[in-house]
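Student: Hi! Could we look at this structure together and work through a few questions about it?
Tutor: Gladly, let's open it up and begin.

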Amino acid sequence: MPPSSLRVVYAFAREMHPKTTDVFIQYGTAGFRTKASLLEHVVYRMGLLAVIRSRVKNGRTIGMMITASHNLEPDNGVKLIDPHGEMLEQSWEELATRLANVSDNDLESTTEQIIKEVNADMGLKASVFIGMDTRYTSPRLAAAAVHGVMALKGTPKEFGIVTTPILHYCVRCRNDNSYGKPTEEGYYEKIVGAFKNIRQKLSVTGNYNTILYVDGANGVGGKKLNIIKKGLDGELDLVLHNLGGNGGKLNLNCGADYVKVSQKPATGFEAPPLQRVASLDGDGDRLVYYYLDQNENMKLLDGDRIATLLASYITELLAASGALGLRLGLVQTAYANGASTKYITQKLKIPVTCVKTGVKHLHHAALSYDVGVYFEANGHGTVVYSDAAKRAVREAADTGDVEQRKSAELLLDLIDMTNETVGDAISDLFLVETVLCARGLDARDWLAQYTDLPCRQLKVTVQDRNVISTADAERKCTAPEGLQSRIDELVDKYTDGRAFVRPSGTEDVVRVYAEADTQQAADKLAAEVAQAVFDLAGGAGERPVLPE
Ligand code: 16G
Ligand code: MG
């Protein structure tokens with residue numbers, strides 16, 4: 001395409017989506033995320049970048065998801081999805097940031113420069129799938145995305161309101177039709193179909209019951225479960241709440257992030273004591289469970305619990321199916337509760353890798369196992385299976401003895417039920433319900449598998465959070481000087497003490513995590529470490545205080 005046709009890039013920008021702010025914006029851990037009112041030009045420009053990316057990938061489909069996940073209603077965001085359904089390749093994040101921040105006048109030349117840099121053949125076809133969450137600002141931003149795609153003569157396809165993982169799934173299927181059909185219905189057929197298959201093979205035993213309360217965060221995930229619920233034929237009795245009606249506001253005092261961070265049950269409904277509740281986040285890619293005990297204390301079953309539950313069941317099925325020689329491993333971050341890591345390595349005897357925060361890091365590390373189970377404590381995660389693993393399980397299902405076949409067939413259903421492209425609250429929910437049912441567990445039994453160490457998270461505001469550098473998967477802090485040795489001294493005073501600090505990738509703060517043998521000790525350690533950050537890393541505003 002001759003450069004002159006890039007005029008339309010400028011024309012669309014100036015007429016429809018002008019840049020009206022000079023606030024610098026960065027493609028972070030999960031794309032761009034900020035006030036929706038500052039995003040229209042950014043989303044338009046990501047439409048341009050998605051087309052360039054599609055052409056660099058020989059015309060394969062790229063995804064664009066408009067969402068700000070667990071943030072409150074006034075925010076929004078955009079992230080790009082690569083052809084395999086995974087997050088945008090990290091080396092392109094800098095291009096995204098550059099394109100988002102140039103002035104309208106420089107947009108045409110910067111676009112041209114990027115096309116040259118990445119060596120895109122602009123004569124190729126380009127295809128971009130666009131999805132959005134339920135925010136009232138999303139349709140307008142999705143329209144900007146469509147214009148960006150059109151400005152570079154790509155073909156946009158709009159999916160309307162979908163969960164983030166549904167869009168990831170559709171992108172993957174479009175580029176690899178052996179994975180499934182690239183539609184929302186195709187997703188239900190495969191994932192929910194596999195759940196129904198497996199439930200016919202398992203009988204409801206032990207303490208398991210089929211009732212599940214759901215906190216939909218007033219977002220898209222609950223809405224999709226409402227569609228799924230109608231076809232479940234009683235295999236699971238979903239009691240859905242926080243679906244966005246009755247004045248419920250997106251992510252406000254509900255949803256996975258609220259439940260995990262505040263350690264409180266979602267508002268908007270009450271579940272009976274001991275009844276398990278699944279809590280989704282605003283775009284349906286995170287899941288945590290909880291229940292209230294008889295004294296109304298909330299018991300949280302977070303991403304670490306989901307990971308251990310799934311990993312132990314898959315390990316057992318692999319062994320029973322005779323599909324030997326496959327390496328199963330679990331990937332966590334520094335936020336994983338120390339008790340979970342101990343349980344996994346010592347009791348389950350499963351290898352654990354620890355990586356930096358952010359789904360892309362976990363996903364990448366999980367791919368190095370034949371079966372890689374990855375979860376952040378906050379509920380982001382899934383399972384990935386290598387081609388060799390899938391082949392071995394299929395072979396076991398064809399050639400094993402009767403018992404081996406049974407286990408292999410259960411595994412094949414589990415694989416089909418898994419959205420391997422990215423953490424997916426809906427798919428994860430069905431996986432968890434399958435394992436609880438197979439093992440006859442209720443929420444209390446699940447919690448009893450190990451005892452979490454009490455922990456505390458705090459935020460510290462500093463003048464520049466980038467003065468903090470970390471190493472060893474964020475478990476050690478290499479700058480500013482003296483901070484790590486101070487943390488070591490503090491941690492040493494506590495039984496089972498552990499603490500680390502890291503600059504947030506999504507907020508202008510430094511995050512502090514601490515755990516210890518009692519809640520009081522964890523709170524105190526966290527506050528002491530927060531003070532050390534404040535003192536040694538240029539604290540701003542109020543100094544953190546120690547608990548009474
Ligand atoms: C983003 C990440 C999430 C991570 C969180 C950390 C994705 C899709 N999301 O939400 O994995 O846990 O950031 O936030 O990668 P923080 O850097 O502010 O602590
Ligand atoms: Mg999310």
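Student: Which residues coordinate the magnesium ion (ligand 2)?
Tutor: Keep in mind that this is a predicted model. The donor atoms sit at 2.0 to 2.2 Å from the ion. One donor is an OG atom and the others are OD atoms. The residues are S69, D281, D283 and D285.

Student: How are the donor residues of the magnesium ion spaced in sequence?
Tutor: Read along the chain from the serine to the aspartates, counting what lies between the donors. The pattern is S-x211-D-x1-D-x1-D.

Student: How many residues apart are S69 and D285?
Tutor: S69 is in the loop between β2 (62–66) and β3 (75–81). D285 is in the loop between β8 (277–280) and β9 (287–292). This pair links distant parts of the chain, and its separation is 216 residues.

Student: Are S69 and D285 buried or exposed?
Tutor: Here the cut-off helps: a residue under 20% relative accessible area counts as buried, and one over 50% as exposed. By that rule, both S69 and D285 are buried.

Student: Now ligand 1: which side chain has an N or O atom 2.4 Å from an oxygen atom of it?
Tutor: Let's set the backbone contacts aside. A backbone N or O atom of V359 lies 3.1 Å from a ligand 1 oxygen, and for a backbone atom of G505 the distance is 2.6 Å. The side chain at 2.4 Å belongs to T506.

Student: What percentage of ligand 1's accessible area does the protein cover?
Tutor: On its own, ligand 1 has 450 Å² of accessible area. The share covered by the protein is 93%.

Conventions. Residues are numbered from 1 along each chain as its sequence is written. Chains are lettered from A and ligands numbered from 1 in the order in which they are written. This is a predicted model: local features need pLDDT of at least 70, side-chain atom pairs count only at pLDDT 80 or more; totals for chains, interfaces and linings use all residues. Side-chain values use heavy atoms; hydrogens and water are left out. A polar contact is a pair of N or O atoms within 3.5 Å; within protein, one must be able to donate a hydrogen and the other to accept it, and residues adjacent in sequence count only if both atoms are side-chain atoms. Accessible areas come from the Shrake-Rupley method with a 1.4 Å probe; for residues, only the protein chains shown count as cover. Donors are N, O and S atoms within 2.8 Å of the metal (3.2 Å for Na, K and Ca); water is not among the atoms, so sites may look incomplete. Helices (H or I, at least four residues) and strands (E, at least two) are DSSP runs, numbered from the N terminus. Buried means under 20% relative accessible area, exposed over 50%, partly exposed in between (1.4 Å probe, protein chains only).
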